[in-house]
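Colleague: I have a few basic questions about this model. Can we go through it together?
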Amino acid sequence: YFPEASVGTGRGLFASRDIRKGELVHDGTHSDVVFPTGIAWKRFVFSLGRDLACDCTDWHWMQKLEEGGKYFMLGGLNISSLMNSGGKEYGPGRTPNALPESIYSGKFYATRDIEKFEEILTDYDSYYTNWEEVL
């Protein structure tokens, strides 16, 4: 994978080779950071410089790691954070092509064949957060 400018969205993540449908695109179980508490996440963010802290919070999300489990704050502190969201609201031809295997998983698989140099798109709404459970 490699980063490059993405039309209308800033930076994006692109395929450096052909990727087959069903192939693992990103394994967040080995690289995403799971913050044990909200306080731990706040300490991390406030330890960063102002500009980096603002960017970094864009790369974090709430997610349950197992059915019936509690929510955790997770952070993608690697190149996967450059995956932009796709969907009808983002314009024609911007359909997600890499999605997690479930709402509890950090493993993203190709939903169709992805050609070399094509942008890898996910769906930012893959992880639903019930904020009443968080607050």
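Modeller: We can take the cysteines, then one of the sheets. Keep in mind that this is a predicted model.

Colleague: How many disulfides does a search of the whole structure find?

Modeller: The search of the whole structure finds 0 disulfides.

Colleague: Why is Cys54 not bonded to Cys56?

Modeller: The cysteine sulfur closest to that of Cys54 belongs to Cys56, and it is 10 Å away, which is too far for a bond. A disulfide needs the two sulfur atoms within 2.5 Å. Seen from the other side, Cys56 is in no disulfide either, as its nearest cysteine sulfur is that of Cys54.

Colleague: Is Cys56 buried or exposed?

Modeller: Cys56 counts as buried because its relative accessibility is 2%, and buried means under 20%.

Colleague: And what does Cys54 count as?

Modeller: Cys54 has 48% relative accessibility, so it counts as partly exposed. To count as exposed, a residue has to be over 50%.

Colleague: Now the sheet. What is the order of its 3 strands?

Modeller: The order is 3-9-8, in an open sheet with antiparallel pairing.

Colleague: Which strands stand at the edges?

Modeller: Strand 3, residues 24-27, and strand 8, residues 98-100. Each has a single partner strand, so one side of each has no neighbour in the sheet. On average, neighbouring strands of this sheet are turned by 25° against each other, with direction ignored.

Colleague: How many bridges are there between strand 8 and strand 9?

Modeller: Strand 8 pairs with strand 9, residues 107-110, over 3 bridges in the antiparallel sense.

Colleague: Which residue stands opposite Pro100?

Modeller: That is Phe108, in strand 9.

Conventions: Residues numbered from 1 in each chain as written. Predicted model: local features only at pLDDT ≥ 70, side-chain atom pairs only at ≥ 80, totals over all residues. Heavy atoms only, no water. Buried < 20%, exposed > 50% of the residue type's maximum accessible area, 1.4 Å probe, protein only. Pairing = 2+ DSSP bridges. Helix = DSSP H or I, 4+ residues; strand = E, 2+ residues; numbered from the N terminus. Axes fitted to C-alpha atoms, helices over the stretch in contact; angles between N-to-C directions.
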